[in-house]
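Student: I should like to learn how the features of a protein model are read. Could we begin with the general idea of each feature and then turn to the case at hand?

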Amino acid sequence: MTKDQLFTIEKSDNGVATIWMDQKDSKVNKVGPELINLFDQVFKEINEDDAIKAIVLGSKKKDFIAGADIEAFQKVKKPGDWAPITLKGHAILEAIEKNKKPIVAAINGSALGAGLEIALACTARICSDDKSTKLALPEVKLGLLPGGGGTQRLPELIGLQAALDMMLTGKNIFPGKAKKLGLVDQVVHKSALHNAAVKMALSLSKKKFKREDKRALKDRIIEGPLSLIVFQQARKTVAKQTHGNYPAPERIIDCVETGWLKGKKKGYAAEVEHFEKLLLGPESKQLINIFFAMTDKKKNPYDQPLIKPVKDIAMLGAGFMGAGITEVSITNDYNVLLKDINNETLSAAYQTIYKNFDRRVKKRAMSDLEMQETLGRIAPTLSYEGFQNVELVIEAVFEDINLKHKVLAQVEEATTKECIFASNTSALPIGEIAAAAKRPELVIGMHYFSPVPKMPLLEIIKTDKTADWVVATCYEVGKQQGKTCIVVNDGPGFYTTRILAPMMNEALLMLDEGADIKQIDKQMNLFGFPVGPVTLMDEVGIDVGAHIMSGDIMKKALESAGREMKISYTLLEVSKAGYKGRKNKKGFYQYDDKGKKKSEVDSNIYSFFGGNSRKQLDNKEIQMRAAMMMVNEAAYCLQEGIIESPLDGDIGAVFGLGFPPFLGGPFRYIDTIGANKAVAIMEELASKYGKRFEPASILKEHAKDNKKFYS
């Protein structure tokens, strides 16, 4: 790639040169080895021109720089492959930092990862107040650390604690917060960005900029002589959150601490060393695989002519799920007719959405005007009036087939003959719902996950009668709502609920055997699940779990193909006794008055599982019993055609159920340990605990032929 394919230089009479980044044949600017090498040429040309007094670095794209070229990471196979590139990058960014002519980064849109690191090396930063503008160092989400000097320059700029928070979470920083932190020096309207950057650059060419320390006095004290306390606390927090499964956060702290206490030169050296080690590690490889899978899912796989436009959606049911689906819809420019049977529920839904938006306004991630405009897209109603104008109806009423049939009939009467009916059911077969439809080809499943605004997955369920254009259109809606979509075939529990149920069931069987609640949860946390299975039952709702797992739906699914499945019905008894989990502050764990979970178990619940005398099971066996039930069920789903690819299975498990991302999903996990080992573990468990652990034949075939699910 040549310089002209990446940059254009605009020289003005006032002595300011603007370097416009505009990577050809790409929607975004990405930092890779080629861009790093060509920066040298560009700055050499400008610095040799005596007429140029100052420089603005801007972008012709909608974003500043989207981050590193992650595809380049996949070419790294051995130690020494990437370190020279990092060293070259460090040298160029140091040259930018020490450039005699001031450089102002003019940021609109995303400045992520290496893109922000380039901006950090500039003399000053100015950004637009556009809602698309966000700054972040999200490398930790890929199992990596900021490798372009970010671990050194960011703490120096905004302070130790704020920098660690940014790097350890990878969170987005929006314009208002960026200015408050001192991450940017000025925020202006998008239309004024270039002019303001030119003005700032000229000013800096005449007079050095004295930057104000934005830290509070107490933070300056803590980050000075007491900085060791900050690092100790950061390590303690990381250990609690990662359980040792993710090395990147620890290495980020190492790099920052080295630079903070021993000088930036040693900090940069630590960054080079640790970045390459992380890049070659298994955790990063799996997280990068997930990143590419997620990117791939952003493209609608269905032909464009099949996708019909949707502007107006009707949401049936204004409960927790209905409010969440409404929020992600209006946030992404859909108008929503929100229907419920009583005003109180409608009002509560509106307040929930309002509070979520208000938090964003307070963080300056959204303006007050934007909030009012977005809320204005909700039209609450107690009737079906106006349903004739919607293209899609999503229902989130109670999980009862008769109720589903009732609302389906009402919707068909109130809507046009082309209106899609989507059910948010988590377990009822879509075919059974569609059996009562006049137009079964328009019936589909759109299974969202709770809480909807935060959970990234949308599981779309099609029957053998669902029209292709309906699937294509719902995929497009999910994509526009910001969801990662998978399309699965119909069946009891579909894919996600079906593979979750056996794991939950196994946890209950262990409790029936006398296991300790906290031991089960702790061991599954250590395996890598963010929430243990017993805590999850409290979160989802014991009544909901009992309804799904103790009914005919799951029995049919888990006993498919003549399989033997031992099912615990204890949860049904717990539910009948009034335990619902967190929502009524009565579950496996104790809760305070506000519904926050305490660390103590509600000892009364053990009365359903044989009494308070509990025993400790083998830690590894707890992990394998629970995890292998999910993994094996995923294999059965692929074998039976519920899912159409291992990729869909991994995406569904990671994004919908919290399967450990660093393991890549059930199928990548099998590939990593080997199908032979997976089958051996299951067969050993089957000999101890019964035929429910019998490995799926597709696993046996892969073990026999030494095959992998991914080539």
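Tutor: Let us begin with helices: helices (H or I, at least four residues) and strands (E, at least two) are DSSP runs, numbered from the N terminus. The expected span of a helix is 1.5 Å times one less than its number of residues. This is a predicted model, in which local features need pLDDT of at least 70, side-chain atom pairs count only at pLDDT 80 or more, and totals for chains, interfaces and linings use all residues. Residues are numbered from 1 along each chain as its sequence is written, and side-chain values use heavy atoms, with hydrogens and water left out.

Student: What span should the 12 residues of helix 27 have, and how far apart are its end C-alpha atoms?

Tutor: Helix 27 covers residues 646-657; at 1.5 Å a residue it should span 16 Å, and its end C-alpha atoms are 16 Å apart, which agrees.

Student: How many residues of helix 27 are buried?

Tutor: Buried means under 20% relative accessible area, exposed over 50%, and partly exposed in between (1.4 Å probe, protein chains only). In helix 27, 11 of the 12 residues are buried, so the helix is mostly covered. Among them are Pro646, Asp648, Ile651, Phe655 and Leu657.

Student: How is a salt bridge recognised, and how many salt bridges does the count come to?

Tutor: A salt bridge is a side-chain nitrogen of Lys or Arg within 4 Å of a carboxyl oxygen of Asp or Glu. By this rule the count comes to 41. One of these pairs is Arg625 with Glu506, whose side chains meet at 2.8 Å, N to O. Arg625 lies in helix 26 (residues 619-640) and Glu506 in helix 20 (residues 496-512), so the pair ties together parts that are 119 residues apart in sequence.

Student: Are Arg625 and Glu506 buried or exposed?

Tutor: Arg625 is buried, because its relative accessible area is 1%. Glu506 is likewise buried, with a value of 0%.

Student: Where do Lys362 and Asp358 lie?

Tutor: Both lie in helix 15, 4 residues apart, about one turn of the helix. Their salt bridge has its closest N and O atoms 3.3 Å apart. Lys362 is exposed, with a relative accessible area of 66%.

Student: Which residue pairs with Lys218 in a salt bridge?

Tutor: The side chain of Lys218 meets that of Asp219 at 3.4 Å, N to O. Lys218 is exposed at 55% relative accessible area, whereas Asp219 counts as buried at 18%. Salt bridges may also join into a network, as they do for Arg235, Glu250, Arg251, Asp254 and Glu257.

Student: Which residues gather in a patch of positive charge on the surface?

Tutor: Patches are made of residues with over 30% relative accessible area and no salt bridge: like charges are joined within 9 Å, nonpolar side chains (Val, Leu, Ile, Met, Phe, Trp, Tyr) within 5 Å. Lys and Arg count as positive and Asp and Glu as negative, while His and the chain ends are not counted. The positive patch here consists of Lys355, Arg359, Lys363 and Lys454. Lys454 lies in the loop between strand 16 (443-448) and strand 17 (457-462), and it counts as exposed because its relative accessibility is 72%.

Student: Which residues form the nonpolar patch?

Tutor: Leu217, Ile221, Leu226 and Ile229 form it, with about 380 Å² of accessible area together. Ile229 lies in helix 10 (residues 227-242).

Definitions and conventions. Areas by Shrake-Rupley, 256 points an atom, 1.4 Å probe, with all protein chains shown as cover. Charge placed at Lys NZ, Arg CZ, Asp CG, Glu CD.
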